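The following questions and answers are meant for a reader who is meeting this structure for the first time. Please keep the sequence and the model in view while reading.

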Amino acid sequence: MKKFETLPLSQLLRQWFSQEEAGQEIFAQMLRRVWDRALGPMVAHRTGRMSVKNHVLTVEITSPVLRSELMALRPEILKTINAHLGPEEALKDIRFL
């Protein structure tokens with residue numbers, strides 16, 4: 001019988017993401033779910049496109065008033081989102097458009 005090495009899920013996902021182009025899309029979908037849960041339906045409804053480049057999350061917000069409020073809450077939002085991500089995927093900043 002062949003013996004398999006046991007690895008943490010986070011390590012397996014990191015390996016798969018680094019090997020697959022689809023990894024970026026899966027990460028973006030996971031990040032969107034984390035964003036929606038962390039900030040609630042009101043913010044999720046007013047959130048447009050999201051992208052990550054160099055560990056900086058860029059989020060399109062359709063309401064200027066909400067965008068200003070989120071900018072003021074940026075440190076707490078980063079902390080909340082990073083709590084759901086592993087250290088390799090942790091965000092350094094959030095930009096609101």
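Q: Is asparagine 54 buried or exposed?
A: The model shown here is a predicted one, and in it asparagine 54 sits in the loop between β1 (47–53) and β2. A residue counts as exposed when its relative accessible area is over 50%. Asparagine 54 has a relative accessible area of 60%, and therefore it is exposed.

Q: How far apart are the C-alpha atoms of asparagine 54 and aspartate 93?
A: Along the chain, asparagine 54 and aspartate 93 are 39 residues apart. In space, the separation of their C-alpha atoms is 9.5 Å.

Q: Which value of phi does histidine 55 have?
A: Histidine 55 belongs to the loop between β1 and β2, and with a relative accessibility of 31% it counts as partly exposed. In that loop, asparagine 54 has a positive phi of about 55° although it is not a glycine. Histidine 55 is not a glycine either, and its phi is also positive, at about 65°.

Q: In what pattern do the helices and strands follow one another along the sequence?
A: The protein has four helices and three strands. Read along the sequence, these elements give the pattern α-α-β-β-α-α-β.

Q: What share of the residues of the protein counts as buried?
A: The protein has 97 residues, and the surface that it exposes comes to about 7100 Å², with 55% of this supplied by carbon and sulfur atoms. To count as buried, a residue must have under 20% relative accessible area. Among the residues of the protein, the share that counts as buried is 27%.

Q: Which helix gives the most to the largest nonpolar core?
A: The largest nonpolar core has 17 residues, and those with the most contacts inside it are Trp35, Leu57, Leu70, Ile81, Ile94 and Phe96. At least two residues of this core come from each of α2, β2, α3, α4 and β3. The element that gives the most, with five residues, is α2.

Q: Why is the pair formed by the rings of tryptophan 35 and phenylalanine 96 described as tilted?
A: The structure holds one aromatic pair, and such a pair is described by the distance of the centres and the angle of the planes. Planes under 30 degrees apart would count as stacked and those over 60 as edge-to-face, with the rest as tilted. The ring centres of tryptophan 35 and phenylalanine 96 are 6.3 Å apart, and the pair is tilted because the planes stand at 45°.

Q: How many residues apart are tryptophan 35 and phenylalanine 96?
A: Both tryptophan 35 and phenylalanine 96 are buried. Tryptophan 35 lies in helix α2 (residues 22–45) and phenylalanine 96 in strand β3 (residues 93–96), and the pair links distant parts of the chain. Their separation is 61 residues.

Q: At what distance does a polar contact join the side chains of threonine 47 and tryptophan 35?
A: Threonine 47 is found in strand β1, where it is buried with a relative accessible area of 8%. A polar atom of its side chain lies 2.7 Å from the backbone oxygen of valine 43. The side chain of threonine 47 also makes a polar contact with that of tryptophan 35, at 3.0 Å.

Q: Which backbone nitrogen does the side chain of serine 63 reach?
A: Serine 63 is found in the loop between β2 (56–61) and α3 (64–72). With a relative accessibility of 18%, serine 63 counts as buried. At 3.2 Å, its side chain reaches the backbone nitrogen of leucine 66.

Q: Which exposed residues does α4 carry on the face turned away from its buried side?
A: In helix α4 (residues 74–84), the residues Ile77, Leu78 and Ile81 are buried. They cover an arc of only 100° around the axis, so they lie on the same side of α4. The face turned away from that buried side carries the exposed residues Pro75, Lys79 and Ala83.

How values were computed: Residues are numbered from 1 along each chain as its sequence is written. This is a predicted model: local features need pLDDT of at least 70, side-chain atom pairs count only at pLDDT 80 or more; totals for chains, interfaces and linings use all residues. Side-chain values use heavy atoms; hydrogens and water are left out. Buried means under 20% relative accessible area, exposed over 50%, partly exposed in between (1.4 Å probe, protein chains only). The arc is that of the directions from the helix axis to the C-beta atoms. Accessible areas come from the Shrake-Rupley method with a 1.4 Å probe; for residues, only the protein chains shown count as cover. Rings of Phe, Tyr and Trp (its six-membered ring) pair if their centres lie within 6.5 Å; planes under 30 degrees apart count as stacked, over 60 as edge-to-face and the rest as tilted. A polar contact is a pair of N or O atoms within 3.5 Å; within protein, one must be able to donate a hydrogen and the other to accept it, and residues adjacent in sequence count only if both atoms are side-chain atoms. A nonpolar core is a set of buried Ala, Val, Leu, Ile, Met, Phe, Trp, Tyr and Cys residues joined through side-chain atoms within 4.5 Å.
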